Amino acid sequence: MEFQNWWPLALVVLFPAIGAVSNGLLGLVNQRRGKPNKEMVVSAIALGASFAAFLVATWGVLALVNAPADEAGYRVLSYEPYTWIVSELIKVPIKLVLDPLSAVMVLVVTGVGFLIHVYSVGYMHGEEGYYRYFAYLNLFMFSMLILVLGGNFLLLFVGWEGVGLCSYLLIGYYFTKDFAATAGKKAFVVNRVGDFGFLIGILFVATIFGTLDFDTVLKSVGEHQAALLTPLLGSWGPTVITVLTLSLFVGAMGKSAQIPLYVWLPDAMAGPTPVSALIHAATMVTAGVYMVVRCSPLFLLSPTSMAVVAWIGVLTSLMAALIAMTQTDIKKVLAYSTVSQLGYMFVACGVGAFGAAIFHLMTHAFFKACLFLGSGCVIHAMHHAYHHTGDGESDPQDMRNMGGLWARLPWTFLAFLLATMAIAGLPPLSGFFSKDEILWKAFMPGNEYGSFAIWLIGWVVAGMTAFYMFRLLAMTFLGTTRVKRETFHQVHELPWTMLAPVLVLAVLSVAGGWINIPQVLGSESTERLHHFLEPQFERYRLEMGASDHGVAELESAGGPVGLGEVSGDRSPRGAGHELLATVPAGGHGELEVKQELSLIWFSVAIGVMGMVLAGWLYLKAPEVLELIRSRLGRFYDVVVNKFYVDEFYEATFVDGTKKLGENLAKFDLARIDGLVNGVAKATVWTSKKSVRGDLNFIDSAVNGVGESIMRAGLVLRRIQMGSAQGYIVVMAAGLFALIVVFVLL
Amino acid sequence: MLLTFLIFFPLVGVAAIALMPTFGLDKSYAKWLATLTAGIELLCSVPLWIGFDAGATGFQWETKVAWIESFGIEYHIGVDGLSMVLVILTALLSLISIYCSFSGITEREREFYAFLLLLETGMIGAFVSLDLFLFYVFWEVMLVPMYFLIGVWGGEQKLYAAIKFFLYTLFGSVLMLIGILLIYFHYKEASGGLSTFDLVKLMQFPLSAQGDFFLGKSTQWWAFLLLFVGFAIKVPMVPFHTWLPDAHVQAPTAGSVILAGVLLKMGAYAFLRFSLPLLPEASIAWAPFLMTLSLVAIIYGALVAMMQSDMKKLIAYSSVSHMGFVTAGIFALNYEGIAGGTIQMVNHGLSTGALFLIVGLIYERRHTKAIADFGGLSAKMPVYAMLFLIATLSSIGMPGLNGFIGEFTILLGIFQVSKVWAAIAALGIIMGAAYMLWLYQRVMFGPCDKPENQALKDLDLREILTLAPLIVLMFWIGLYPKPLFEKLDTSTRATVEWVRKANEASYGAYTNYKHRTSLQQSHGVAGKEEGSLLAPESAAVSRSDRVSGQVVWSLPREGGDWDRHSASVGGGESR
């Protein structure tokens, strides 16, 4: 398959980069000259850049669809301007690749990104550092596009670190507030822990495959199966592929906020709300999912890694949903909800439903961005109302101070309601289709990666999701208001420039799922997204199956049998292709249709239950709620306090490292430097004995005060005149002893 | 001739500054004279980069003149990729350190700039020397001006720091001299009475790696140890590093920039230039130990840096950590490690140089370097904030900037030797982010609540200009490092092949090198694709053939020496 050279791909990336640089420089120059930055100019540049990127991306996807395909239906466009890193082992070019997978991502990033740019114009109006905000936002778009378009591991890593940086800068946007600056640093450092794993994974890939190019690596997975399936430590231990994929997954845990590295995401809400919507909900945090999907052929080789991915995902989704049920800060609820939904996406990856993961990633981008922007509207409106009434005390993000806002913010409420129904998985909204597919794939008989337990937890979490989302809706918009009377009347609906993006996203949350209606429900146009993505997964699967000896080795090594099936008589487009290509085929018999349909009923049922329960508890029966809370007692406290994980990390890793650093610093001063000074002192002592001079220069040096330059020159001359011989001998002996000690150790 | 000019031209500046009173020039002209000299020097070093033939083996711009004939000492200079890059870095940082001192140095200006120029002569001389004795002379020449820069224009404890720096380094160089003499006498014996300090000639008779010279160890082993102490103090490697924080904290900004940017490179450079080629077997034997020290330096330096309360001290310890990366790369003894180590030397010069400048800028304004005295500067000094951020990101290895290129390549090198070592080194990257961002946060973020900081002025044009070249280079190396890789290719390859050839058996055992070739036959990128580093014809040749097919520095064939040489290296050679 030839890669089609398509240079405009560079434009997708360049437009946001130019926007970022010009806004940044213009802003700095203006600030230096003491001239205020014109918001019009800044937003025109930023919006122009992101819209241009969106246009070119759309053009690219159209070009991709019309590009010539290979026999498996795989299409790809690429652009490779120059070679970046060259060594004996690897050669890494700057290479942008637009294939079906990155096409979906690029549209989400530029589309949602542009909407959030529009929203930000109103939201950030009047902020100090307006230009800085938009420069960072464009820089983020640039990095995210590099991430999804990068054609090799290292370029993906460039984008990966780049989005991390922008996240750091934007979380710390209100840098004069300590908590914001601290949250930014926390996000960066926790992400770095993940990056550590990712980097190790990349090193594995580079040394095993001798290249970092995605296409080459993934196609040759089959060829290298023997090497990949060797145990890492001689004859025992995990296989190379397991360690490799788990290292990569550690990176995904960091970026996509999974246990145990999720702690940074809730704190990241210190940034402006549109940033939370774009970076910490819709795009950046899904990078881990994207990366795992991108490397799916590697993951599929290791059942252990698949299981780890699935279980980390499902446990994260459970824990985050539990916490979300108890939070009172509107953004915190949404943040934990994001963590939980990301868990879902990893469940999809772990059970082999990579297409479903991307599908959920996409629908989640729509409804979660909508929810965040909606909450931004609420916060913005509340903030202004408090400001008007001179109330500097109340927290505009605390849902306990809200309620009944639907009357004041009808459009926001409408959008919020639709998005809430979408995330709760009510048919026929987008979340219903994507979540349902994940649950079905987890349950599906014949899917060796799935399991009943995972399905069960996922199903329960679906109910919890509906519960906490309707709890949020009820506490914010419904019931009798808890806002003070005069404040309540100061709450106003926001201007259309801000409402429009919210409403567009609401429409997408409703309709976004229709591009991928499961076959059991649909008639004509079902599973379009999967058909679009299928050649992507098919491409590498065929290559794997083609290598017969590889499969034989694989089977003898006790590897997954499912891969062996692929090389059998089943044609790529044979039976069961409606199941995602990467899930081993099971027939789609009558029994399974029934199963799938009944599972759909199950999901809808628990969603409705959660919704009704939340409505009833928070609107009609607060006394029952109190009763439940008091019954739960300590457990409730633990959940409200987020299982004390932050405190635990603070006490162990953070303080531990600081203590170690402190002790080492003392050791450095007292022991290592002390030894050097000790040798020096001993020398002086020897010199005194042997020379009997007044040569106490080291003492005076150690005391170090008030020495004149003349004297220094004098001392220097004396050293050169030979009285330092004894000094050097003793010092030599001392350091020699030191080396001997080190050699022996 | 170009190199000779580069070495001695700064002395013209020194002379001009010395003669200033004779011509009745006011002392305020000293800085301009120095800037002019360093500027011309930098311009004249650029042809080195442009004219450097990346494909040619051996040294370029070579000059060889007899100096002290009775001992076979020659004025032999020349550059390969490694030293060429470092010479240009030296010229650049010298100019910057002169230019950055305009406002900070108000006392005894003439001496100050004269010392800086003298230092430049020493540094460039050391980088281009191919004669061990000549190298030693320049090595010592560097010491004196630095001693005075710290001792005269330094902070409160300048004398302590200056003397510590001087004696510590002097001690190392004495041992180094003994090591050099060991090599010299060995050559004399092996060649039947010929005397030389010439690196290229000395390589013909590698020191015996077997036998019992002293305490059961071979001559090479001991020679390596002696050189090691001298170089390790200069790098500095843990545990020889304690002079560094003192020197940095006390030195004036220009001194810190030169110290971090160039002088620390001298040790790592010397390992590559002398230890590896002259003592290859010992290098392999010592590599695990040096690797361990390097990894300790990475982690230890980072942890100690984290808890410092003085900005300069923090950056000094971060230098220990970063130089640990460099030495770890070098002693991975493979292509990626050495190429990455060399690039990281340049990177560290740029990023740490920039960081010291940045601290210097704020020190000139507030006369304090204590982190606790700052906070919230971002709001007052946006340009400063931006440049500080870029330097910080470069230092913590953000992709797109230079640091990442070096660190990644080094990790790739170490990983091929040991996965565990690579993992330990990579831990240093997490810590780097932690301490640098914490520093940045404490200085730049938060409320600006100190009254003294309220009136801080942002950078003026001169200050921006001192930092600008470094920032540009950071981006350049980060985004398009290929030319750098290419210029370094031949020298890196030569060093690796030389070590590899010295003792195939122990090299393979150390670097896991055979394992690697079998695994990546299918995709071994080198040589396969257009524009690769290898010459096209050698791509077809298998790796082991290439070893002997490659000319490793053009060795002169004098008399019958060559045959003896190939016999002593043993096998493989067929000339």
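# Legends to close-up views of the predicted model

**Close-up of B:K450, which is partly exposed at 25% relative accessibility, and its partner B:D449.** The model shown in this and the following views is predicted. B:D449 and B:K450 are joined by a salt bridge whose closest N and O atoms are 3.6 Å apart. B:D449 counts as exposed because its relative accessibility, 52%, is over the 50% cut-off. Elsewhere, salt bridges that share partners connect A:E88, B:D489, B:R493, B:E497 and B:R500 in one network.

**Close-up of the salt bridge between B:K164 and A:D673.** The side chains of these residues meet with an N to O distance of 2.4 Å. The pair crosses between chains: B:K164 belongs to helix α6 (residues 158–190) of chain B, and A:D673 to helix α28 (residues 645–691) of chain A. B:K164 has a relative accessible area of 8%, which is under 20%, and therefore counts as buried. A:D673 is likewise classed as buried, with a relative accessibility of 7%.

**Close-up of the salt bridge between A:D99 and A:R294.** The closest N and O atoms of the two residues are 2.8 Å apart. This pair links distant parts of the chain, 195 residues apart: A:D99 is in the loop between β3 (91–98) and α3 (100–123) of chain A, while A:R294 is in helix α12 (residues 287–294) of chain A. Both A:D99 and A:R294 are buried. Over all chains, the number of salt bridges comes to 22.

**Close-up of A:S296 in helix α13 (residues 296–300) of chain A.** Is A:S296 buried or exposed? A:S296 counts as buried, because its relative accessibility is 3% and the cut-off for burial is under 20%. Apart from neighbours within four places in sequence, A:S296 has contacts with A:F354 and A:F537.

**Close-up of A:L298 and the largest nonpolar core.** The core comprises 466 residues, and those that touch the most other members are A:F153, A:L212, A:L298, A:L405, B:F228 and B:F408. With 22 residues, helix α16 (residues 354–388) of chain A gives the most to this core. Domain 1 (302–640) and domain 2 (645–744) of chain A each supply at least three residues to the core. When neighbours within four places in sequence are left aside, the residues in contact with A:L298 are A:F153, A:F209, A:L218, A:V221, A:I241, A:L244, A:T245 and A:L248. In soluble globular proteins, nonpolar side chains tend to be buried together.

**Close-up of the nonpolar surface patch formed by B:L19, B:F23, B:L25 and B:Y29.** Together, these four residues have about 430 Å² of accessible area. B:L25 occupies the loop between α1 (2–18) and α2 (30–51) of chain B. The relative accessible area of B:L25 is 37%, which means that this residue is partly exposed, lying between the cut-offs of 20% and 50%.

**Close-up of A:A257 and A:P260 in the loop between α9 and α10 of chain A.** A:A257 is a residue other than glycine with a positive phi, near 55°. Its relative accessibility is 0%, so A:A257 counts as buried. In the same loop, A:P260 is joined to A:I259 by a cis peptide bond with omega of about 0°. The loop lies between α9 (240–255) and α10 (264–267).

**Close-up of the cis peptide bond from A:P427 to A:P428.** Omega of this bond is near 0°. A:P428 is placed in the loop between α17 (410–423) and α18 (430–443) of chain A.

**Close-up of B:W61 in strand β1 (residues 60–68) of chain B.** B:W61 is not a glycine, yet its phi is positive, at about 55°. This residue counts as partly exposed because its relative accessibility of 26% lies between 20% and 50%.

**Overall context of chain A for the close-up views.** Chain A has 31 helices and five strands. Of its 745 residues, 61% count as buried. Among contacts in chain A with a separation of 6 or more, 79% are made by residues 24 or more positions apart. The accessible surface of chain A is about 27400 Å², and 65% of this area belongs to carbon and sulfur atoms.

Notes
Residues numbered from 1 in each chain as written. Chains lettered and ligands numbered in written order. Predicted model: local features only at pLDDT ≥ 70, side-chain atom pairs only at ≥ 80, totals over all residues. Heavy atoms only, no water. Patch = residues over 30% accessible without salt bridge, like charges linked within 9 Å, V, L, I, M, F, W, Y side chains within 5 Å. Areas by Shrake-Rupley, 256 points an atom, 1.4 Å probe, with all protein chains shown as cover. Helix = DSSP H or I, 4+ residues; strand = E, 2+ residues; numbered from the N terminus. Buried < 20%, exposed > 50% of the residue type's maximum accessible area, 1.4 Å probe, protein only. Contact = heavy atoms within 4.5 Å. Core = buried A, V, L, I, M, F, W, Y, C linked by side-chain atoms within 4.5 Å. Domains from an automatic or database assignment.
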